Amino acid sequence: MPVSVRRTVVIFPEHSRKVSVTVAASLEGTTPVLPGAPAPVVVAIDGPSGTGKSSTSKAVAAKLGLSYLDTGAQYRAITWWMLTHGVDVDDPAAVAEAAERPVIESGTDPSAPTITADGEDAGGPIRTPEVTAAVSAVSAVPEVRARITALQRHIADSAERGIVVEGRDIGTTVLPGADLKIFLTASPEARAARRGGELKAQNGQADLAATRQALLKRDQADSSRKTSPLAKADDAVEVDTTELTLEQVIECVVTLIEEKQRVA
Ligand SMILES: Nc1ncnc2c1ncn2[C@@H]1O[C@H](COP(=O)(O)OP(=O)(O)OP(=O)(O)O)[C@@H](O)[C@H]1O
Ligand SMILES: Nc1ccn([C@H]2C[C@H](O)[C@@H](COP(=O)(O)O)O2)c(=O)n1
């Protein structure tokens, strides 16, 4: 819950002038909004699996003092809840009927994002192969999308300093009025190699061909569903990350945001 704290903050250091302001800061450490701070900026980052959305969005948000929302984690959390509550995830009617039941909560600190379902930490279980295999089917159900989209808009509206929201349909559907829209891409080979690197670190081995197949299968399901499929918004900036390091992608997005803020 927000509390009021008095802090002395140097707003114009170049003039050695200290200005004392009363700022609202949350006990969880949310950065306060200061007079003269840039206007809140809303950034949508979309793209297929393994293009670097999460890594880039988290780092950019941390650098610029913005909130961060991983919308894929929300779809994974509702999928995990359904799998553990006996809902048949291959039956769209059963999924639709259960869509309102779990309470899904996201923590938006980019240095420690969290996700819970009915208060239970879902951060680990949502990354299991079972959830990954079922999430495209669950997230295709319109009732699930309506519920999660409303939650995402509420979180974005509440972000005082601005937010980086990453997913598949943020620029097209969730936040069509975002200040900046980025669409990340990369070749299937590059994406498989990146995911393969993660799997190797976890299990000591990785089957690159199978990883590539699984990525493409999920892309196909996410791009072909009827309700808000994975798609680039007409006004999104496309960044092909195939030949870029993660640091270069982060720098590119930070520069695009700063340019937007300068002209705003
Ligand atoms: N430009 C890059 N060069 C090399 N590796 C990268 C790059 N961008 C991201 N990675 C690595 O690729 C892996 C996948 O990145 P990340 O999870 O950010 O992708 P994503 O688009 O969010 O995927 P998903 O949609 O499946 O969650 C991570 O291990 C990350 O460190
Ligand atoms: N805005 C979004 C975000 C995610 N999804 C679905 C489709 C993905 O396959 C799945 C998991 O996302 P990831 O954790 O891999 O980013 O969630 C979606 O439909 N819309």
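User: How far is an oxygen atom of ligand 2 from an N or O atom in the side chain of Arg 76?

Analyst: The model is predicted; local features need pLDDT of at least 70, side-chain atom pairs count only at pLDDT 80 or more, and totals for chains, interfaces and linings use all residues. Residues are numbered from 1 along each chain as written, chains are lettered from A and ligands numbered from 1 in written order, and side-chain values use heavy atoms, without hydrogens and water. Arg 225 also has a side-chain N or O atom 2.9 Å from an oxygen atom of ligand 2. For Arg 76, the distance is 2.7 Å.

User: Which element gives the most residues to the shell around ligand 2?

Analyst: The shell holds 16 residues, each with a heavy atom within 4 Å of the ligand. Two or more residues come from each of α2, α4 and α8 (208–224), helices being DSSP runs of H or I of at least four residues, numbered from the N terminus. With 4 residues, the most comes from α2.

User: Which element supplies the largest share of the largest nonpolar core?

Analyst: A nonpolar core joins buried (under 20% relative accessible area, 1.4 Å probe, protein chains only) Ala, Val, Leu, Ile, Met, Phe, Trp, Tyr and Cys residues through side-chain atoms within 4.5 Å. This core has 24 residues, and Ile 78 and Met 82 are among those that touch the most other members. At least two residues come from each of several elements, including α3 (92–98) and α5 (142–158). The largest share, 7 residues, is from α2.

Key:
Buried means under 20% relative accessible area, exposed over 50%, partly exposed in between (1.4 Å probe, protein chains only). A polar contact is a pair of N or O atoms within 3.5 Å; within protein, one must be able to donate a hydrogen and the other to accept it, and residues adjacent in sequence count only if both atoms are side-chain atoms.
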